[in-house]
Amino acid sequence: MIRYSRYLMPTTKETPSDAEVVSHRLMLRAGMIRKVASGIYNYLPAGLRVLRKVEKIIREEMDRAGAQEVLMPTVVPSELWKESGRWDAYGKELLRFRDRADREFCLGPTHEEVITDLVRREVRSYRQLPLNLYQIQDKFRDEIRPRFGLMRGREFFMKDAYSFDADEEGAAESYRKMYDAYCRIFSRMGLSFRAVEADTGSIGGSSSHEFMVIAESGEDAIVSCGSCSYAANLEKAECVPPAAGSPGTVAKVGSPRKVPTPGKRAIAEVASFLGIDPGNLIKTLLFESEKGDVAILVSGRYEVNEVKVKNFLGVEWVRLAPEERIRELTGAPSGYAGPVGLKLRLLADHSVRAIASGAAGANEKDAHLADVVPGRDFSPETYSDFRLVTEDDRCPRCGGALRCSRGIEVGHVFRLGTKYSKSLSATYLDAGGKERLIVMGCYGIGVGRTAAAAIEQHNDADGIVWPISIAPFEAVVVPVNVKHEGIAQESALIAGELSARGIEVLLDDRDERPGIKFKDADLCGIPVRVTFGEKNFAAGFAEVRDRRTGETERVEISRLAERVHAAVEAKRKECSQ
């Protein structure tokens, strides 16, 4: 039992002006966090209790899956990152510094290099595999624009795990175990989530899934099928090629003709001016990469997916060419690029294949070409999937209808393969004494982000509505008048008895008005509230209120502890299923 009068949980009515999302506002108002600097927070007692509960569930399920906990340093020498090739590639999010001996270090945003270095020093034989090591640790990423409280901070708690196997078959089994463990973790936290196919990003590897908590405030767009289990984030979602048309199909139209389009650059403007459907415009976007410049062609109805372009090219980065580079390559300002006569590598989306005759930029200011036929007037190097999916697309697995929703990424699992074991020479000797590369996997969960995502999914007009498994307290006992000796005494007795039954109890023994106590209990999201009012107490009763449903039950004091215990157990059971 904890007494509120001695507990640091400073609630406020005011919402800070820089709090943009619900979780940020409510965690500040509920006295769970306080800002120290941009993207850096103090965790107050109630907020830390939530994080520790998230960590406890993670530890239990990771241990259950056979992983072993370790703890790695936050400060990492540059040599390891240079050995993997990520020292320069990772970008400015990697906070670099030098010590007094002028040696380079970074604050670890992730620990693939450190864990691989540990394993390459300790693992020699196939008999030591498989191995799965995890930690829950403070990390730092120098985000360019920290925002949304714990959703996108610079300093944060993360669980990161790494599996090491002798072959791809073993790595697939380790991946499955972690995938299943993540499903149990987020289910136990009372979250509604989807595991979606995702791009591997800067971590690398062959495949990955993101675990998304479904919430309207989510930063990420999710595409899912209503007829099968297919789900992917917008970057990864596959587009089904159109059935009609093929490269080289020649429409029965004349040669391309130049049409003046003064001041018309945007797709909608050009289509309206030419009197054609936007889908018949061949949009030409120029990209830069470490392998040179490339033109990506897509129907004007769609947007180019830069991640798909990057993955197709097999490069670390791609970016839209700046205005001056566009002028160098096309002889015209942006908005007038086209594939006809363009001396550049051409890659076309499948949507261009379906255009029998369309329009495109003329590589000349204030001009476009009409009657442009793919395969006749220009020949792409290849047709592939280079665009973002839309709700008009069909499921690539079953052909069912797709729907888009918003999600908050709380976990990510990767099949890394030998990306890091190769660059850092992490090997083992097989049964025949032959040296082989270890096959790896990587598995992360944002601890604070998960807590914030739970609030985004579980809140109402009065505050947080915690799932009981991660609530700072399971029950709060509220004596309406602490100066009433009988009420104060009975409240303390009940709180003590509930605590003895294993229930985490907050006794609100503050000398405050009842309305303030009730509002604070709702704001902080405590699942069960026990209220001792003077009239009910005189009649031998107290009230038990369910925070989620708002239902209130009048219970005899003689059976109050038993009734509250039953209510708490029922809520615990909901989160354990």
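Author: Two strands are said to pair if DSSP finds at least two bridges between them, and the model discussed here is a predicted one.

Reader: Which residue stands opposite V298 in β16?

Author: Strand β15 (residues 281-289) pairs with β16 in the antiparallel sense, over six bridges. These two strands form a hairpin with four residues between them, where G292 takes a positive phi near 110°. Within the antiparallel pairing, the residue that stands opposite V298 is K283.

Reader: Which residue in β18 stands opposite I296?

Author: Besides its pairing with β15, β16 pairs with strand β18 (residues 346-349), here in the parallel sense and over three bridges. In β18, the residue that stands opposite I296 is L347.

Reader: How many of the six residues of strand β16 are buried?

Author: In a regular strand, side chains alternate between the two faces of the sheet. From β16, V294, I296 and V298 point one way while A295, L297 and S299 point the other way, and all are buried. The strand (residues 294-299) is therefore largely enclosed by the rest of the structure, the number of buried residues being six of the six.

Reader: Which strands stand at the edges of the open sheet of six strands?

Author: The order in this open sheet is β1-β29-β28-β30-β31-β32, and its pairing is mixed. At one end, β1 pairs with β29 (residues 505-507) in the parallel sense over two bridges, with I2 opposite L506. A strand at the edge has a single partner, so one side of it is left without a neighbour in the sheet, and the strands in that position are β1 (2-3) and β32 (552-556).

Reader: At about what angle to β30 does helix α16 run?

Author: Helix α16 (residues 560-576) lies across three strands, namely β30 (528-532), β31 (541-546) and β32. One of its residues, E574, forms a salt bridge with R548 at 3.1 Å between the closest N and O atoms, and R548 lies in the loop between β31 and β32. Relative to β30, the helix runs at about 165°.

Reader: How many residues apart in sequence are the parts that E504 and K53 tie together?

Author: The side chains of E504 and K53 meet in a salt bridge, at 2.3 Å from N to O. With a relative accessible area of 28%, E504 is partly exposed, whereas K53, at 12%, is buried. Because E504 lies in the loop between α13 (485-500) and β29, and K53 in helix α2 (residues 45-64), the parts tied together are apart in sequence by 451 residues.

How values were computed: Residues numbered from 1 in each chain as written. Predicted model: local features only at pLDDT ≥ 70, side-chain atom pairs only at ≥ 80, totals over all residues. Heavy atoms only, no water. Contact = heavy atoms within 4.5 Å. Axes fitted to C-alpha atoms, helices over the stretch in contact; angles between N-to-C directions. Buried < 20%, exposed > 50% of the residue type's maximum accessible area, 1.4 Å probe, protein only. Salt bridge = Lys/Arg side-chain N within 4 Å of Asp/Glu carboxyl O.
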